Amino acid sequence: MSTDTTASVSTHILDTSVGRPAGGVAVQLAARAGREADWRALGGSATDADGRCKDLPALPEGTTHVRLDFAVEAYFESDSATQQADAQQDAPANRDSETFFPEVAITFAVRPGEHYHVPLLLNPFGYSVYRGS
């Protein structure tokens, strides 16, 4: 929850190869206060069955940059992701044994008092992010 002196962050993941939320993806949150400052790990969470992270740690006062690290390799290697892809007519029937993007790191600037929702649209061979609402 943002305040006048802090920002807040939320995210969700949609696996566009199957048209469903990506559950069980570990997400780590880091922040820094200024472009030259060191990153400070704040903790993390995992996406729920709806692909959402509802309990990311609060950002400390003075945060200017945030980094979200998504550990997507384990998700794509999971049986549930493979079964969902196999069940989709237009999805690849057999995914490669290696994940092209094993992790996705998104860095963005924040301002105090703002909430930042950063959705990740994911598939085995690419991804896209944007500032949501």
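This briefing walks through the fold, the sheet, the core and two residues of the structure above. The model is a predicted one. Its chain holds two helices and nine strands, and 38% of its 133 residues count as buried. Welcome aboard, and feel free to keep the 3D view open as you read.

**The overall layout**

- Following the sequence from start to end, you meet the elements in the pattern β-β-β-β-β-β-α-α-β-β-β.
- Among the contacts in the chain with a separation of 6 or more, 66% are between residues 24 or more positions apart.
- The chain exposes about 7500 Å², and carbon and sulfur atoms supply 47% of that area.

**The four-stranded sheet**

- Four strands form an open sheet in the order β4-β3-β6-β7, with antiparallel pairing.
- At the edges sit β4 (residues 40-46) and β7, each of which pairs on one side only.
- On average, neighbouring strands of this sheet are turned by 20° against each other, direction ignored.
- Starting from the β4 edge, β3 and β4 pair in the antiparallel sense over six bridges. To find this pairing in the model, look for Val27, whose bridge partner in β4 is Ser45.
- Next, strand β3 (residues 26-32) pairs with strand β6 (residues 65-71) over seven bridges, again in the antiparallel sense. Here Ala31 stands opposite Val66 in β6.
- Finally, β6 pairs with strand β7 (residues 104-109) over six bridges, in the antiparallel sense. A handy landmark is Leu68, which stands opposite Ile106 in β7.

**The nonpolar core**

- The largest nonpolar core has 26 residues. Leu59, Leu68, Phe70 and Phe108 are those with the most contacts inside it.
- Two or more residues of this core come from each of β1, β3, β6, α1 (residues 73-77), β7 and β8.
- Strand β8 gives the most to this core, with four residues.
- Phe70 is a good place to start exploring. Leaving aside its neighbours within four places in sequence, Phe70 is in contact with ten residues' worth of names to look up: Thr11, Ile13, Val25, Ala26, Val27, Pro102, Glu103, Val104, Ile106 and Leu120.

**A closer look at His117**

- His117 lies in strand β8, which covers residues 115-123.
- His117 counts as buried because its relative accessibility is 9%, and the cut-off for buried is under 20%.
- The side chain of His117 makes polar contacts with two other side chains: one with Ser10 at 2.6 Å, and one with His12 at 2.8 Å.
- Beyond its neighbours within four places in sequence, His117 is in contact with Ser10, Thr11, His12, Arg52, Tyr130, Arg131, Gly132 and Ser133.

**A closer look at Thr5**

- Thr5 is found in the segment before β1 (residues 8-15).
- With a relative accessible area of 39%, Thr5 is partly exposed, because this value falls between the 20% and 50% limits.
- Thr5 and Thr63 are 58 residues apart along the chain, and their C-alpha atoms are separated by 9.3 Å.
- Once its neighbours within four places in sequence are left aside, Thr5 is in contact with Glu61, Gly62 and Pro112.

Conventions: Residues numbered from 1 in each chain as written. Predicted model: local features only at pLDDT ≥ 70, side-chain atom pairs only at ≥ 80, totals over all residues. Heavy atoms only, no water. Buried < 20%, exposed > 50% of the residue type's maximum accessible area, 1.4 Å probe, protein only. Polar contact = N/O pair within 3.5 Å; in protein donor to acceptor, adjacent residues only side chain to side chain. Contact = heavy atoms within 4.5 Å. Pairing = 2+ DSSP bridges. Areas by Shrake-Rupley, 256 points an atom, 1.4 Å probe, with all protein chains shown as cover. Axes fitted to C-alpha atoms, helices over the stretch in contact; angles between N-to-C directions. Core = buried A, V, L, I, M, F, W, Y, C linked by side-chain atoms within 4.5 Å.
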